[in-house]
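Q: I'm new to this structure and would like a close look at a single part of it. Could you pick one helix, walk me through how its neighbours pack against it, and tell me how far to trust the picture?

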Amino acid sequence: MCDLLNRLWVHPRVEWSRVVRKELPDLAEKVVAELQRGFPALSALLGDTPVEEAQWALEQALLTCLGFQKTSQSKRPAVPSVVTPMPVARARQDLFDALAGRCEAPESGLGELARAAGWPVPEALRAVVLATPAEAPQLAAALGHALIGGIDGYTALYVPDPATQTRPRLEAALRGRIAAVGHAVPAADAASSLRWARYLLSLDPGTGGPEVRPAFVDDNLSALLLLQDETLAVALTARRLSPLAELTPRQSERLEVTLLAWLEGGGAPEAARLLHVHPQTVRYRLRQIEKLFGPALRDPRARFELEMALRSRRLMAHVRNRRASAGRRARAVPSGLRPPSTAGEARVNGL
């Protein structure tokens, strides 16, 4: 805007209107693009409205504010029927909010909202949450006329008829995007699919790149269950792994990895194969573990909670590392919450 005003001052006043009308379209295009990047909710509000319509509306508002036309002169000629009026965009956001559980659905149900939005509510759907709003309308069209909405700084879509949206199709449409795909649910449970997709994306933000793939809630169910309340996960690990508290970090790590491998494999030989160490090494460590944990190792419930605690601790460390490095990595990293394998951890830590 400052550049435009500077260019005005070098022209005679009688030419200001001509200069403004010539320069304003480019300015409006840049402003709308910046707003869409900085405010994901704007893309959701626009819905299927062509971006040119938003640019034109901004041009008229600027012309009016600058005094080059009156409000009554800013009526645009009839536009093609494909343009989505702003009331429809508002209705779609209202419908999205109702499905997402952000507001109460009307007493008459979602039918009236759906009709106003031009988006019949399907029997089943799934949520897709995007890290950035770029090309959300095109993506919505590619995914079967999905419903776009904004929520807590994210742009999200409700994809209808998940049975027809095969995994390869979803991966192809979302390839190169940082995104999370929720589980398929009945429309009445739409908020659940959106909530878990958002949570998955927050746990593993990842980095962009042409090869990045979306993260799927279906692939991370056990991790999400373990991490749905990190305070409880911390309480579980503190309770079940307290016998390791007096050890050095390296000793604790060695015994944790061995204990998890033993619980997974069912015996010393299997644990040794997982860790790529000699069975005698595993037996020596297991004797140390027996001294620390005692009868708990023979109690099925305690063994189950021990495995949960060990997995929770590794998942939380993995999530912290991914969050810390997400902004620093230059290359794309596949999405997913799987922590390093037990054998991989053993090799990394020299076990």
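A: **A close look at helix α12**

Let's set the scene before zooming in. The protein chain has 16 helices and 6 strands, and what you're looking at is a predicted model. Of the chain's 351 residues, 43% count as buried. If you take the contacts between residues at least 6 apart in sequence, 70% of them join residues at least 24 apart.

Now for helix α12, which covers residues 249–265. Two partners are worth following here: helix α13 and helix α14.

Start with α13, residues 268–275. The axes of α12 and α13 come within 8 Å and cross at roughly 120 degrees. With that angle, α12 is oblique to α13, and their crossing is right-handed. On the α12 side, the residues making the contact are V257, T258, A261, W262, E264 and G265. They meet A268, E270, A271, L274 and L275 of α13. Sorted by class, this contact has 7 nonpolar, 2 polar and 2 charged residues.

Next comes α14, which runs over residues 279–293. Here the axes are 10 Å apart, and the packing angle is about 100 degrees. Angles of 65 to 115 degrees count as roughly perpendicular, so α12 and α14 are roughly perpendicular to each other. For this contact, α12 brings R254, L255, T258, L259 and W262. Facing them from α14 are V282, R285, L286, Q288, I289, L292 and F293. The contact of α12 with α14 is made up of 8 nonpolar, 2 polar and 2 charged residues.

If you want something to hunt for on screen, try T258 and W262. Both take part in the contact with α13, and both turn up again in the contact with α14.

So how far can you trust the picture? Across the protein chain the mean pLDDT is 78, with 73% of residues reaching 70 or more. Among the chain's elements, strand β5 (residues 185–186) has the highest mean pLDDT, 95, while helix α16 (residues 342–348) has the lowest, 45. Two stretches also call for care. Over residues 76–86 the pLDDT is below 50, and the model gives this stretch 13 contacts beyond near neighbours in sequence. Residues 329–335 stay under 50 too, with 17 contacts in the model beyond four places in sequence. Where pLDDT is low, predicted coordinates shouldn't be read in detail.

Note on methods: Residues numbered from 1 in each chain as written. Predicted model: local features only at pLDDT ≥ 70, side-chain atom pairs only at ≥ 80, totals over all residues. Heavy atoms only, no water. Axes fitted to C-alpha atoms, helices over the stretch in contact; angles between N-to-C directions. Helix = DSSP H or I, 4+ residues; strand = E, 2+ residues; numbered from the N terminus. Parallel < 35°, antiparallel > 145°, perpendicular 65-115°, else oblique. Contact = heavy atoms within 4.5 Å. Nonpolar A, V, L, I, M, F, W, Y, C, P; charged D, E, K, R; others polar. pLDDT = per-residue confidence, 0-100. Left-handed = near helix turned anticlockwise from the far one by under 90°. Buried < 20%, exposed > 50% of the residue type's maximum accessible area, 1.4 Å probe, protein only.
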